[in-house]
Amino acid sequence: MNAADTLAAWQARQNEIDARPHEVGVARPDQVAGLSGLQILQAMVAGELPRAPISRTLGFVIVDLAEGRAVFQGQPRFDHYNPLGTVHGGWIATLLDSAVGCAVHTLMEPGKSYTTLELKINYVKAVTHKVPLVRAVGEVIHRGGRIATAEGKLVGADGTLYAHATTTCLIFEAQPFAKP
């Protein structure tokens with residue numbers, strides 16, 4: 001598929017997801033009880049559970065999920081710029097952290113959770129608002145009983161690599177959390 005066709009497919013997927021009714025917030029413990037990590041994320045994409053507030057703040061969504069894999073899509077905006085005139089590395093890092101972390105999340109059994117222990121990012125090309133959409137593709141490398149690792153790439157529709165990342169996550173028993 002050429003870059004124009006890929007971009008059109010990406011935009012169509014974005015429109016499909018944005019057209020679904022959804023709220024932004026944090027799911028209640030009773031809403032996720034008994035669900036695997038993959039089921040929770042699939043319910044978020046379907047609009048059955050709220051999307052994470054960060055997705056609205058930074059303008060990105062989950063567009064694809066499978067066991068051990070998560071794909072996020074975002075539109076770089078001028079609002080994301082740093083003083084140097086490019087998209088801030090923190091926006092890129094957050095998109096990649098979301099992809100690699102949620103790739104790990106897809107492998108969580110009911111009652112399990114995880115947190116990032118380490119995130120390493122290599123920035124290889126500047127991103128500007130002229131890049132229409134980017135995708136962060138995260139894939140699990142290893143999932144053990146207490147530790148999981150994953151890698152991710154941030155790419156444009158034309159195949160340009162903008163950054164790549166690795167993460168190490170700690171797996172533990174989920175604890176109920178309070179809504180702010």
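# How the labels are earned

Biologist: Why is N82 called buried?

Modeller: N82 has a relative accessibility of 17%. Buried means under 20% relative accessible area, exposed means over 50%, and partly exposed lies in between, using a 1.4 Å probe and the protein chains only. Its 17% is under the 20% limit, so N82 counts as buried. A word on the source: this is a predicted model, where local features need pLDDT of at least 70 and side-chain atom pairs count only at pLDDT 80 or more, while totals for chains, interfaces and linings use all residues. Residues are numbered from 1 along each chain as its sequence is written, and side-chain values use heavy atoms, with hydrogens and water left out.

Biologist: Where does N82 lie, and which residues does N82 touch beyond four places in sequence?

Modeller: N82 is in the loop between strand 2 and helix 5. Both names come from DSSP runs, numbered from the N terminus: helices are H or I with at least four residues, and strands are E with at least two. Not counting residues up to four places away in sequence, N82 touches V87 and H88; contact means heavy atoms within 4.5 Å.

Biologist: L84 sits in the loop between strand 2 and helix 5 too. Is L84 buried or exposed?

Modeller: L84 has a relative accessible area of 75%, over the limit for the word, so L84 is exposed. Its C-alpha atom is separated by 24 Å from that of S55, 29 residues apart along the chain.

Biologist: What makes D30 exposed?

Modeller: D30, a residue of helix 2, has a relative accessible area of 54%, and that value is why D30 is called exposed.

Biologist: How do you know that D30 and R28 share a polar contact?

Modeller: Their side chains are joined at 3.0 Å. A polar contact is a pair of N or O atoms within 3.5 Å; within protein, one must be able to donate a hydrogen and the other to accept it, and residues adjacent in sequence count only if both atoms are side-chain atoms. The 3.0 Å between D30 and R28 falls within that cut-off.

Biologist: What about S98? Which backbone atom does its side chain reach?

Modeller: S98 is in helix 5, and its side chain reaches the backbone oxygen of T94 at 2.8 Å. At 15% relative accessibility, S98 counts as buried. Leaving aside neighbours within four places in sequence, S98 is in contact with F60 and F72.

Biologist: How do you know that Y162 is buried?

Modeller: Y162, in strand 6, has a relative accessible area of 5%, so the label buried fits. Apart from neighbours within four places in sequence, its contacts include N122, Y123, V134 and L154.

Biologist: Why is helix 3 described as largely enclosed?

Modeller: Seven of its 10 residues are buried, so helix 3 is largely enclosed by the rest of the structure. Those residues are G37, L38, I40, L41, A43, M44 and V45. They pack against helix 1, helix 2, strand 1 and helix 5.

Biologist: What makes a set of residues a nonpolar core?

Modeller: The set must hold buried Ala, Val, Leu, Ile, Met, Phe, Trp, Tyr and Cys residues joined through side-chain atoms within 4.5 Å. In soluble globular proteins, nonpolar side chains tend to be buried together. The largest nonpolar core here has 44 residues, of which F72, I92, L95, L96 and L154 touch the most other members. Helix 5 gives the most to this core, with 10 residues. A second, separate core has five residues, including L7, W10, V155 and A157.

Biologist: What makes something a pocket, and what is the volume of the second largest one?

Modeller: On a 1 Å grid over the protein atoms alone, a cavity is a set of points where a 1.4 Å probe fits but cannot get out, whereas a pocket is an open set with protein on both sides within 12 Å along at least five of seven lines. The second largest pocket has a volume of about 240 Å³, that is, the space filled by probe spheres set on the points, with grid points joined across faces, edges and corners. Its lining has 15 residues, and the closest to the centre are Q14, G59, F60, V61 and Q75; a lining residue has an atom within 4 Å of a point. Helix 1 gives the most to this lining, with three residues.

Biologist: How do the lining residues divide by type?

Modeller: Five are nonpolar, seven polar and three charged. Ala, Val, Leu, Ile, Met, Phe, Trp, Tyr, Cys and Pro count as nonpolar, Asp, Glu, Lys and Arg as charged, and the others, Gly among them, as polar. By that rule, F60 and V61 are nonpolar lining residues, while Q14, G59 and Q75 are polar ones.
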